[in-house]
Amino acid sequence: MTRVRVTAPRQSAPLAPGRVTSPREIAEDSDSGRLFVRSLIRSQLRLALVVACGFLVILAVFALILVYGPGVAETRIAGVPLDWLALGVGVYPVIGLSAWLYNRAAARNEARYRDLVEDK
Amino acid sequence: MNPVVSLVAFLAVSITTAVIGFYGLRISRTTGDFYVASRTVPPWWNASAIGGEYLSAASFLGVAGLILLSGTDALWFPVGYTAGYLMLLLFVAAPLRRSGAYTIPDFTQARLDSALVRRVTSLVVVAVGWLYIVPQLHGAALTIRITTGLPSWVGSTAVVVVVCLTVVAGGMRSITFVQAFQYWLKLTALAVPVVFVLLVLAGNGSAPQAPLTVNPTSQAAAGAYQHISLLVALLFGTLGLPHVLVRFYTNPDGQSARRTTLIVLGLLSVFYLFPTLSGALGRMYAPELAQSGQADALVLLLPGRLIGGTAGDVLSALVVAGAFAAFLSTTSGLVVSLSGVISQDLFGGSVKGFRLAAVLAAVVPLGFAFMTDSLALAGSVGLVFAFTASTICPVLLLGIWWRGLTDAGAIAGMLTGALLCGGAMVAGTVMGGGSAPAWLAQPAAWTVPAAFAVTVAVSVMTKGRVPSSVDRIMSRLHVPERPVVTER
């Protein structure tokens with residue numbers, strides 16, 4: 001492990017190692033650079049909102065089915081009521097899957113941005 | 001339950017915590033080491049540490065207790081606690097790591113270029129931290145009282161003393177190791193007894209005393225408003241918790257911050273299966289605990305009730321150890337992040353100031369804990385999430401994603417959220433837990449949108465105050481680091 005020595009920890013800390021030729025400079029230096037950054041932020045925000053809304057919609061549908069679904073209250077799987085299984089176990093894979101998909105897509109957005117900046 | 005066994009378990013956890021803390025002392029020397037473990041913690045360690053820090057008294061004792069009382073209504077708590085990390089991953093994890101700030105006040109000051117915003121954020125962070133430490137101390141008091149028969153204050157005081165010693169000794173470098181160890185301890189301490197109880201029950205074929213689907217007390221089912229408000233609080237509260245956020249600064253870069261969060265989600269999902277199982281077992285085999293008002297102690301009492309004998313004692317000791325791991329890890333995480341904030345604002349950011357601030361951060365909530373009574377643990381922690389969601393969350397989300405945020409908007413939003421949510425909490429407490437109307441008992445559904453609305457409205461009205469550094473900061477938050485070739 002490398003150690004980073006910090007002498008004055010007021011408010012800004014050293015950036016991650018390997019960030020010597022910062023893409024930030026490119027971003028600040030030119031109009032097209034600024035445009036790339038804006039479009040990166042917009043695509044990351046859109047992605048985050050899509051995943052968040054998708055997850056919340058699935059959760060809401062889940063909840064509505066458990067409350068209003070015909071026969072749900074009586075359904076049991078291996079002796080355990082369906083609503084206990086759904087809320088106690090079933091939701092977690094949905095959360096994990098959303099997170100995994102998001103991570104892949106976010107990394108892809110960043111790779112696309114890097115390609116754009118390096119092409120320049 | 002055998003009091004000697006419980007005391008031994010408590011001492012073992014405290015000593016282990018202290019030993020790992022002192023081991024960390026040897027390798028942490030600079031101020032940077034103290035604050036954020038020099039930012040060289042790999043994702044698995046970091047994820048275990050985040051899990052260790054996050055799983056508090058509410059998760060370890062409170063969730064099972066609440067499930068015992070209210071069944072499927074309570075299952076939404078662990079769902080919300082976990083899904084909060086999804087929101088944190090989506091909106092906060094990578095940009096926050098890239099911001100290069102150590103604490104939330106650092107972030108708001110850098111983003112909005114205003115020392116006043118920094119001071120207001122610091123106040124809010126300290127309030128959140130203190131509010132969150134109090135239920136941990138209540139949990140410790142309850143555990144000591146139930147398992148050893150000693151007076152309540154012994155438990156909470158012991159936790160504060162151990163936390164102060166470890167934090168003062170080693171800072172965050174050692175805290176990272178302590179927390180990672182404590183996640184696995186907590187998981188073992190919940191999982192092993194539950195599995196044993198299940199095996200024993202399957203072996204002797206004893207019939208449940210009560211059906212799973214009927215509440216043991218006459219507790220009314222929660223309505224749609226309560227569910228929505230609870231989810232708003234938990235989903236948006238998690239991404240503003242100071243002790244969770246400070247952990248993200250210890251990732252090497254933005255990408256690894258995201259990977260860490262993904263691992264955390266897995267760790268939490270596995271963990272929450274066990275409080276759920278305990279709660280379900282409690283409803284079927286120990287419903288009388290709910291009637292005698294000992295629901296929060298369910299996890300502690302279950303092995304002794306259903307197994308008994310030496311095996312029961314040993315398993316109880318394991319649960320007590322896990323419970324103290326929960327109080328110690330969450331409290332020390334909060335104390336570290338609070339003392340980071342307090343020492344930078346009051347003592348100029350020196351190591352000595354950090355130590356002084358650590359003691360201050362731990363002793364004040366101890367006073368609160370002595371003065372107040374323990375409510376249902378999961379419920380009182382839920383209120384802290386509501387407060388965080390109404391104060392820190394709007395500033396953080398809008399600061400990361402919206403160029404138009406101004407210092408005036410941020411301050412107005414935080415104050416609105418703090419007044420509305422804090423007011424609802426005080427009013428709800430004064431009226432007494434059961435009799436407060438739902439909109440006061442679960443305020444997040446209206447206080448969070450109100451705080452967002454005020455932040456945006458005031459920012460739009462003070463457009464001229466958007467800092468000139470906004471382009472630079474925004475690109476710093478979102479532009480990916482160069483792939484790190486060496487290391488990792």
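A crossing of two helices is called left-handed if the near helix is turned anticlockwise from the far one by less than a right angle. I start there because the first item today is a left-handed crossing, that of α2(A) and α5(B). Keep in mind that this is a predicted model.

The two helices sit in separate chains: α2 covers residues 31–68 of chain A, and α5 covers residues 72–91 of chain B. Their axes come within 9 Å and cross at roughly 165 degrees. That angle is over 145, so α2(A) runs roughly antiparallel to α5(B).

Which residues meet there? From α2(A) we have A:Ala48, A:Val51, A:Ala52 and A:Phe55, and from α5(B) they meet B:Leu86, B:Met87, B:Leu90 and B:Phe91. By class, the contact has 8 nonpolar residues, no polar and no charged.

Now chain B as a whole. It has 21 helices and 0 strands. Its radius of gyration is 22 Å, close to the 23 Å from the globule rule for 488 residues, so chain B is as compact as a globular protein of that length. The C-alpha trace spans about 70 × 50 × 40 Å along its principal axes. Of the 488 residues, 64% are buried. Taking contacts between residues at least 6 apart in sequence, 84% join residues at least 24 apart.

One backbone detail to finish. Most residues other than glycine have a negative phi. B:Asp113 is not a glycine, yet its phi is positive, about 55 degrees. B:Asp113 lies in the loop between α7 (104–112) and α8 (115–148) of chain B. Is B:Asp113 buried or exposed? Neither fully: it has 18 C-beta neighbours inside 10 Å, so B:Asp113 counts as partly exposed.

Technical notes. Residues are numbered from 1 along each chain as its sequence is written. Chains are lettered from A and ligands numbered from 1 in the order in which they are written. This is a predicted model: local features need pLDDT of at least 70, side-chain atom pairs count only at pLDDT 80 or more; totals for chains, interfaces and linings use all residues. Axes are lines fitted to C-alpha atoms, for helices over the stretch in contact, and angles run from 0 to 180 degrees between N-to-C directions. Helices (H or I, at least four residues) and strands (E, at least two) are DSSP runs, numbered from the N terminus. Angles under 35 degrees count as roughly parallel, over 145 as roughly antiparallel, 65 to 115 as roughly perpendicular and the rest as oblique. Two residues are in contact if their C-beta atoms, placed from the backbone, lie within 7 Å. Ala, Val, Leu, Ile, Met, Phe, Trp, Tyr, Cys and Pro count as nonpolar, Asp, Glu, Lys and Arg as charged, and the others, Gly among them, as polar. A residue is buried if 20 or more other C-beta atoms lie within 10 Å of its own, exposed if 12 or fewer, and partly exposed in between; C-beta atoms are placed from the backbone. The radius of gyration is taken over C-alpha atoms; the globule rule is 2.2 Å times the number of residues to the power 0.38.
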